[in-house]
Amino acid sequence: MLGIFRGRRKFLAASLVLLFIPTLTWLYLSIGNFQVKPLRLSSLEAQSPPPLVDANARLALELRIRVVEEENKALRQELSRPLRNSSSSYTNFTSKGNQSRTHLEEGTSNNDGQKNAAVGNNSNCLQHQLVDKCEVVLLPTVGGSGIPITFSPGLITLPSVFLCQALLLSCLGKLLLTIHVAIVCAGYNASRDVVTLVKSVLFHRRNALHFHFITDSIAKKILSYLFHSWMVPAVRVNFYDADELKSEVSWIPNKHYSGIYGLMKLVLTKTLPMNLHRVIVLDTDITFATDIAELWAVFHNFKGQQVLGLVENQSDWYLGNLWKNHRPWPAQGRGFNTGVILLLLDRLRKVRWEQMWRLTAERELMSMLSTSLADQDIFNAVIKQNPFLVHQLPCYWNVQLSDHTRSEKCYKDVSDLKVIHWNSPKKLRVKNKHVEFFRNLYLTFLEYDGNLLRRELFGCPSETDPNSENLQKTLSELDEDDPCYEFRRERFTVHRTHLYFLHYEYEPSSDQSDVTLVAQLSMDRLQMLEAICKHWEGPISLALYLSDAEAQQFLRYAQGSEVLMGRGNVGYHVVYKEGQFYPVNLLRNVAMQQVNTNYMFLSDIDFLPMYGLYEYLRKSVVQLDMANTKKALVVPAFETLRYRLSFPKSKAELLSQLDMGTLFTFRYHVWTKGHAPTNFAKWRTATTPYKVLWEADFEPYVMVKRDSPKYDRRFVGFGWNKVAHIMELDAQEYEFVVLPNAYMIHMPHAPSFDITKFRSNKQYRVCLKTLKEEFQQNMSRRFGFAALKYMTVENNS
């Protein structure tokens, strides 16, 4: 009887504690001035102890927690036996916690450090959990708002919640705390730079991120497409139109190479949302070597009227002694560098920042006439008059590799560094005793596989993204036991895509007859680019299938080519590698989507168009009334087996080489059906365009309107990718018209990986046949009786 009484007493006490936890938590957060403190990334990093407790107290706390956890474990086991049926809700609650805890223990080592890493923190407070992993709880705060907290299995034990509640909340706050980052980015080159910056931030981060990009139309197009296709979890992106802000700063003369965009940070209080209270502002030439949450935590050190967090300038610029008659803007001491800024936006608005910097700029411009370092000059002039506004950051938060730098005096060892700032026009060519280390760090992120950054944060689901959710649902419906599963999966793979990887300039023609050449390639076809540019003077849209490292190799290749750098009307769109098949039709679609002329010539990278084909096609647009009819103009295809060819400059010369056996009709020896309907015999003597009818396996190269059907993505690698597209054109009643004075020649090259795989892998051929049959059935459903011919033809490709 006494034992039963004691059991009931323990159960009653446990129930009261469970009910008391939410109330105590609410009181703690409502009364205290709660601030979330991010944890350090690694126990190896040199960092001061957490502000909550000193080192000895923390050690004592950890020891006490371990003792209490063992007591609680025994208590739970005792409570679970006599009371399993007395309260269904309590039983479910404890059993769920025990199941989760068992799962956690089975999945990790007995090593304490590994256990801590498994839940994403360094505190023993987080080893035991009673809530499902990654469940989000909103704890009330002052003003009624909620802080999203992620709990992991067995997170809180009964008595120990009182001991480590403050540390627990600090640890948990780091998991779902959103860090806001603002970046001004304009143009093609800056868009490339910002990707490297973002990679370095994502690589180290342990928090949700919200990027605020102030961009021109070019950077917005590039970055919005990139982030949409990147699908990084726990990352949100907003864009703000820099063109709408130009009037705010255009009155300021500026000599800095960043131009008017170098002044945009001055108006962030007006640009960013009013409910955004703090933000980290970064230049695009920044590389992070640590978790950005550590920098965010510095906001808690601001005191009094401090509203700006800045690192001292590490050159002698503002001392005015770099050369004779050097006259910089006024600054406090060495001044401050604005490559990294912490902004308390709500306080800045209260001190009337807009009025403050404008009055200062107007006053100084009366004598200085223009800025030399853009926004940095004006920030420093304001600080000179109001030094109380600044919280000086340790120099390792902005190690500046500029000319005449003192950055080497900032640190003892490179492992101490947090942020590298390439703020010299020389960039990677600056002088510093550790420049090789800095350069290697930068190159690491430059070539880092961005697909690896798609992993979930802490293994916990992030805020639901509709695109990601729909994709996962679609993939889950595929049968993984299907022998053609990998082929089917490729159709739905979202490839990270960087549009306009290089500078692009195009002025549309006034007669609306302009034509863009469309093609796709991988690294092994890069040598064809210069030849194509010499043969086609019109605009080109290219999709390049590359890894991150290969993209940088391409960049170096292009920048070292006078031919490619001399062409501004070539759009290079990098689609990053993922999966085991070459996504040929996806690449074609990406290149087609970026065409901004009314017509496009659908080619392949290993074909050289005849000299003058661009102008010939433009004339054909008018002559054949392409604007008012549905036509696909066929350009006859030929090939040579010689790597060195005297390219024919006329149809007569081409016919002569055909007769001599130097040239052949394309695929004459291996796949005649692909181009036989072109009727080369008729083409030899034709002087006017002539119509041809669709036949099975027809795959000519054609010019069509920009709004013509896209390629079917189910076909990857080798086989039927163009055949299906031509079938689609025929089903939509396009007329195929062969041009009598046009031609293109296929240049020889080593066989691709996919064609080799097709020839050697029986399953590859079986799956291609299956996909063909499914495509034909789909055509029958879409076009009815008119598509019957696609079902009955014999296909042997």
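**Notebook: sheets, a disulfide and aromatic rings**

I began with helix α22 (residues 651-660), which lies across β20, β21 and β25 (744-746) and runs at about 95° to β21. I note at the outset that the model I am reading is a predicted one.

**Entry: the sheet under helix α22**

I next looked up the sheet to which these strands belong, and found an open sheet of four strands in the order β18-β25-β20-β21, with mixed pairing. At its edges stand β18 (607-609) and β21 (663-665), each with a single partner strand, so one side of each is left without a neighbour in the sheet. Direction ignored, neighbouring strands of this sheet are turned by 35° against each other on average.

I then asked myself how many bridges join strand β20 to β21, and whether the two run parallel or antiparallel. There are three bridges between β20 (residues 637-640) and β21, and the two strands run antiparallel. As one example of who faces whom, I wrote down that T640 stands opposite L663 in β21.

**Entry: the sheet of seven strands**

Another open sheet has seven strands, and I read their order as β5-β4-β3-β6-β9-β8-β10, again with mixed pairing. Its edge strands are β5 (235-241) and β10 (390-393), each of which pairs on one side only. From one strand to the next, the twist averages 25°.

Within this sheet I followed strand β3 (residues 178-185) and strand β4 (residues 208-215), which run parallel and are joined by eight bridges. For V184 I looked up the bridge partner in β4, and it is I214.

Two helices that lie across strands of this sheet went into my notes as well. Helix α7 (residues 217-230) lies across β3, β4 and β5, running at about 155° to β4. Helix α13 (residues 375-385) lies across β8 (308-312), β9 (336-344) and β10, and its direction is at about 65° to β9.

I also checked C185, the residue at the end of the range I had noted for β3; C185 counts as buried because its relative accessibility is 0%, and the cut-off for that word is under 20%.

**Entry: the disulfide**

Which cysteines are joined by a disulfide? The structure holds one disulfide, and this link joins C484 to C767, with 2.1 Å from S to S. The angle about the S-S bond is -95°, and the link is left-handed.

I wanted to know where the two ends sit, and the pair turns out to link distant parts of the chain: C484 is in the loop between α15 (466-476) and α16 (485-490), C767 is in helix α26 (residues 762-783), and they are 283 residues apart.

Is each end buried or exposed? C484 counts as buried because its relative accessibility is 4%, and C767 is buried too, with a relative accessible area of 0%. For another cysteine, C533, I found a relative accessible area of 10%, so C533 is buried.

**Entry: aromatic pairs**

A search of the whole structure finds 32 aromatic pairs, and I wrote up two of them in detail. One of them is formed by F487 and F581, a tilted pair with 4.3 Å from centre to centre and 35° between the planes. This pair links distant parts of the chain, with F487 in helix α16 and F581 in the loop between β16 (570-576) and α20 (584-593), 94 residues apart. Both F487 and F581 are buried.

The other pair I took is W720 with F775, whose ring centres are 6.0 Å apart and whose planes stand at 85°, so the pair is edge-to-face; the cut-off for that label is over 60 degrees. W720 lies in the loop between β23 (701-705) and α24 (721-731) and F775 lies in helix α26, so the pair ties together parts that are 55 residues apart in sequence. W720 is buried, with a relative accessible area of 4%, and F775 is buried as well, at 1%.

I also recorded one aromatic cluster, formed by F211, F213, F227, W230 and F239.

**Entry: charges over rings**

Last, I looked for charged groups placed over aromatic rings. The charged end of R192 sits over the ring of F501, at 5.8 Å from its centre. K418 lies over the face of Y396, and here the distance to the ring centre is 5.8 Å.

Key. Residues are numbered from 1 along each chain as its sequence is written. This is a predicted model: local features need pLDDT of at least 70, side-chain atom pairs count only at pLDDT 80 or more; totals for chains, interfaces and linings use all residues. Side-chain values use heavy atoms; hydrogens and water are left out. Two strands pair if DSSP finds at least two bridges between them. Axes are lines fitted to C-alpha atoms, for helices over the stretch in contact, and angles run from 0 to 180 degrees between N-to-C directions. Contact means heavy atoms within 4.5 Å. A disulfide is a pair of cysteine sulfur atoms within 2.5 Å. Buried means under 20% relative accessible area, exposed over 50%, partly exposed in between (1.4 Å probe, protein chains only). Rings of Phe, Tyr and Trp (its six-membered ring) pair if their centres lie within 6.5 Å; planes under 30 degrees apart count as stacked, over 60 as edge-to-face and the rest as tilted. A charge sits over a ring if NZ of Lys or CZ of Arg is within 6 Å of the ring centre and within 35 degrees of the ring normal.
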